[in-house]
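Student: Could you take one part of this model and walk me through it closely? I'm new to it, so please go slowly.

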Amino acid sequence: MAKRVLGVLTTVLLTAALVSGQATAAPGRIRPDPLLMFPQRPATTDRAAVLRDRAAKTQARTRSSAQNPLPYKEKEPPGTSGANDSLAKAEHIAGFGTQRAKNSKVRLTGDLKPDASIPTLPPAAEPSDAIGLASETGVGAERRAIRTSGVIGDGPYGSAGDGTGDFDFYRLSAGAAPVTFSARTLTPTGELDTFLALFDKDGLWALNDNAGGSTDSRLSFTIPPGREFFLMVGSGLPADHTKPGTGGGIRTEGPYELAITSGKSGGDLDYYSFDLRAGDVLGASVAGGGTRLAVYDPAGREVFGSSQDLTSIFSTASPMPGGGNAVVDFVAPREGRYRLGVEAGEGAYDIKLEAFRPGTETAPRGSVPTIFLDFDGARVNTSIFGTGGGIRDLSPLSAFLPRWGLTDRDERALTDAIIATVKENLERDLVAKGTNPRFALRVLNSRDHADPWGQPNVSRVVVGGTTLETGIQTIGIAQSIDAGNFGKEETALVLLDEISQPAGPVWSLNTYVGPGSDKIAFIGRAVGNITSHEAGHMSGSWHTDLTNAVPGIMDPGGNPAVMFAVGPDGRGGTADDPDLDLVEEGISPSEGFTGTEDTLNRSAWAFVRGA
């Protein structure tokens, strides 16, 4: 099968409004956001508001701590390596697990021997305030990692110069294969509040401020093959990353230290093993000297690797640990011995390692989780998404029928097609292919059932509304990514204005309707797939890799025709249209993670009959 670019709808924020007093970054392509599906056109989302909302959630999760964790100290002596540096040599934590006789929480402490092979580069020469003036690092090409230092404020645009604001740019690149890197700053004097951002020649891809509630910053990203990117250190953003002297003024200044690494450490690695039951929800967060965590299944396959903390996207009801340099989450599809690796960093580290049973399993005995499909329009407080402006009234599915050339008489058939697609994706497939013997899910809808929203154990997907009504420039958005489904009463939106535009744009369903199309079947399946995608987020799945040859419901963007299930003939609603499912495939590298994600079993274990 030829490799195709696969995905839902482009998951991109195209502008970034900065904090008060700062200029707006030049239009670019901010990194894909794990919660959002965006069309390929400029948006006006206030990214700074999103960051502030998520930073507050991260700080709240950092303050939460496990009660009476089992202490476990690494057996390998500090300052040495070799004893537990491979999966085969992993130290086994016998007392950890969700079984009755074990402790489900461990405080794991250890030490990574400093990697003497990492070179320390001298501070970059000024000026280095635009991508054309960026300092060479060699990271991603001939070097795996570097250390360097600098001062924000010492160049011609700092307080000693014209006062527009000083920035230091560093060049990163990838060869024939993708390169996942992480960068972190340390401000030894505390005078500088750093801001890390990643650009390519066209614009902004990623940014981070105040990691873990500190004035330091951390950023993790995967550079596609053959691409060149530029890491910026500053205390804000320039208006134009291609021109020096375009900052919005001076905020804070001072010295910083910068570490950039790609992939695993070339030095000391620490691995630990433990036994999990099928359906166990694993979370781990590392603070201190560790900067990368990875989970491996019993076959030795990496199933989740991370050099970042995105727990601000978790449900507020989730008990999972967070607030560290790197956080992983994982749902075990089957019983076995799993491993956790500390794969980058140096010095002493402290890990919160915790395991839980799925949230719906801990509901009252016999209760069944419910997803309610609301086609009638709804009143939604959009502030729960961190991007909206409060309580909004959304228009119903019926309001969009004329835009697809349908009439009121077609509404029942279209609704039937949407419901059938969701039930196939979230009920029949998970029963037939999942590993959860206690799977239970009730899919209700506003046409055939009384509205259960507000009752315990009921989440909803509102299918209707527009970007103007919500104030969110998106097609789909979920309230959280919730491994274990602890937030059992959440909301997702599937907005219909973009996908009902006149034929032309790749994200409009009308573009794919032609001779021989069964229009109702096509639109119903496409909307049902998008609805299933958002439910997949609420039941714990991140985005999967859109660049491989495996199409899946959790793919994030690139070619909307894949999510719409358009076949090789380029028309929807014809005999060659494929069936799109929750599958096992690579996790999206563009969101800073690595490994293989089993989206089917993440959802299968999110819906468990209460016990």
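**Two helices that cross**

Tutor: Let's look at α2 and α4, which count as oblique to each other (neither under 35 degrees, roughly parallel, nor over 145, roughly antiparallel, nor 65 to 115, roughly perpendicular). This is a predicted model, where local features need pLDDT of at least 70, side-chain atom pairs count only at pLDDT 80 or more, and totals for chains, interfaces and linings use all residues. Residues are numbered from 1 along each chain as its sequence is written, and side-chain values use heavy atoms, leaving out hydrogens and water.

Start with α2, which covers residues 411-433 (a DSSP run of H or I, at least four residues, numbered from the N terminus). Its 23 residues reach 32 Å from first C-alpha to last, close to the expected 33 Å (1.5 Å times one less than the number of residues). Still, α2 has a kink of about 40 degrees centred on Glu 424 (the angle between axes fitted to the seven residues ending there and the seven starting there).

Its partner, α4, spans residues 519-538. The two axes come within 7 Å and cross at roughly 45 degrees (lines fitted to C-alpha atoms over the stretch in contact, with angles from 0 to 180 degrees between N-to-C directions).

Who touches whom? On the α2 side, the contacts (heavy atoms within 4.5 Å) include Ala 413, Leu 414, Ala 417, Ile 418 and Thr 421. Among those in α4 are Ile 520, Ile 523, Gly 524, Arg 525 and Val 527. By class, this contact has ten nonpolar residues (Ala, Val, Leu, Ile, Met, Phe, Trp, Tyr, Cys or Pro), one charged (Asp, Glu, Lys or Arg) and seven polar (the others, Gly among them).

Note on methods: Helices (H or I, at least four residues) and strands (E, at least two) are DSSP runs, numbered from the N terminus.
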